[in-house]
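User: I would like to learn how to read a sheet, the helices beside it and a chain interface from a model. Could you take me through them in turn?

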Amino acid sequence: MKIRAIALNTFKEAIKDRILYLVLFFAAVCLILSRLLALLTVGDQVKIITDVGLASISLFGTLMAILIGTGLVYKEIDKKTIFTLLSKPIHRYQFLLGKFFGLLLTLLVMLLLMTVIFLVMLFLHTIHVEWSLFIAICLIFIELALITSVAILFSTFSTPILSSVFTLAFYLIGHFSWGLETLMTKMPPGFSKTLAQIFHTLLPDLENFNFKTEIVHHLPIPSEVIGLSVLYGILYTTLVLGVAMLIFRKRDFV
Amino acid sequence: MVEALKITNLHKSFKTGFFFKRKKILKGITLTVDKGDIFGYLGPNGAGKTTTIKCIMGLIFPEIGEIRILGQPHLSLKAKEHIGFLPENPYFYDYLTAADFLRFYSQLFQLRGEERDKRIEGLIKLVDLEKYADLQLRKFSRGMLQRIGLAQALLNEPELVMLDEPLGGLDPIGRKEIRDIIIRLREEGKTVFLSSHILQDIEMICDRVAIIVNGEIVNAGRLSDLISEKVFFTEVIVSGIDAEKLENLGDSIDSHGEKIFLKVYDDAKLESILQLVESQKGRIHSLIPRTETLEDIFVGVVKRQ
């Protein structure tokens, strides 16, 4: 009940942020331009629309999560609204979870809007839409949830600009960390390989949520792979939120 | 009887600058607030009033010390259920209307349905914002924000109400309205803890006060015990008298036209002035005995520190 109240209030606040609509506008432009790109391409136009469309949804969704997520908790502290809120009978973790779920709800609405534009573009070329497309979008949402939790983690102790930089770094590292795996296969056993192994374990692998190639080329996605990706996302998000709560629990609001 | 608030040996310091240098803000605050009192927490700017209040509200964590609210540890939800808080210069979610804002906070107290609506309606009436219930808080003036802030602090019908500078930045009418509400809270049996540096207001409404200077309580007690009834001097304004004849009877402060302003320290001299006025057919415009005020005590202790 308390978390829900804070989440709904966060949603009300986030949905009023103009920056969200600016990003949504650019997402819409990209999704519409995917059709133009498809028309200019020789070959399977649906492939291009699907590829560009899913990439746009993922990228602009991430931008939304970073831009809104890093500011929401900070704003409460900076504008001192947190003073009265935390004086009410709520735990600090309930406040953070409320913020997290409120932001998630905002991102869900935005993701649905982008998906609708994407589907309209797709229907202009084909009426045949595979279900796996929706699975890919669901996994993008799980990735957004993880990025949101990271944005919230940084915003519990840092300014929005720094938090944005950190979260963006997390996103980029997450999408390129698979390179370590390739590196490890070419490394001789020893200290460097162990170090690479440790980094590979600790760093996030956001490619776990990327099924664009499989969808575009109509490759089968085993259900256990999807299940593992979902589990990975949930566990990582829980872990990050747990760390955020630990930091927030002992923070002084001067 | 359990005290409304009991603070024992509270210490808090903050890091200053990049290195590990720390500045002590609270240096062993100990105080007790009895149930049903209006307790004034006085101190100059930077003395540690807001830091104490933030410690009580669990917004910052003291290094040493214990705080108990109505016998409960101050961080427990049980304690928070019975406490209301209005911070200094309150800022609220400005995109919400006054009614929506109270509705949002009421959910944090698990208030629902008719009871919630009734309470919100009553509070909006209490703070005289009925006409503005559906106005967004961004359009509220400072005084209106203070009043809606007071309303949110009373949502849970708290036993202890913490008000940080509730009268700061308000015009005289706004101050009177807030003072009246505070007095009404006492009549309802609630305990009010308020910090302020507007001494006249504190003197008017508080039962007990504590004065904090540089993070230490330097004076505390019932207002009636602190302020003596002793007359320091009498301010006299007379006219129609030869000023030279008054020279030895009191300190002349000022004179406007015929009127002479005098400070008289001695009862015998005051008697002589009265006789002089009578014999010379002069006129007494005012005669005010000046007793000790809270301001005298406050200025005294601050200067001593």
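Analyst: What follows goes through the sheet of one chain and then the contact between two chains, in what is a predicted model.

User: In what order do the strands of the sheet in chain B lie, and how are they paired?

Analyst: One reads a sheet by following which strands pair, if DSSP finds at least two bridges between them. Here six strands of chain B follow one another as β6-β7-β8-β3-β9-β10, forming an open sheet with mixed pairing. Its edges are β6 (83-86) and β10 (216-222) of chain B, each of which pairs on one side only, and from one strand to the next the twist averages 15°.

User: How many bridges join β6(B) to β7(B), and in which sense do these strands run?

Analyst: Strand β6(B) and strand β7 (residues 160-164) of chain B run parallel and are joined by four bridges; in this pairing, B:Leu160 of β7(B) is the bridge partner of B:Ile83.

User: Which strands does helix α1 of chain B touch, and which does helix α6 of chain B lie across?

Analyst: Helix α1 (residues 49-56) of chain B packs on the sheet, where it touches β3 (38-42), β7, β8 (191-196) and β9 (208-213) of chain B, with its direction at about 145° to that of β7(B). Helix α6 (residues 172-187) of chain B lies across β3, β7 and β8 of chain B, and runs at about 150° to β8(B).

User: How many residues of chain A are in contact with chain B, and which element of chain A gives the most?

Analyst: The contact involves 20 residues of chain A and 23 residues of chain B. On the side of chain A, α1 (2-14) and α4 (81-87) are the elements that give two or more residues, and α4(A) gives the most, with five. By class, that side has eight nonpolar, four polar and eight charged residues.

How values were computed:
Residues numbered from 1 in each chain as written. Chains lettered and ligands numbered in written order. Predicted model: local features only at pLDDT ≥ 70, side-chain atom pairs only at ≥ 80, totals over all residues. Axes fitted to C-alpha atoms, helices over the stretch in contact; angles between N-to-C directions. Contact = placed C-beta atoms within 7 Å. Nonpolar A, V, L, I, M, F, W, Y, C, P; charged D, E, K, R; others polar.
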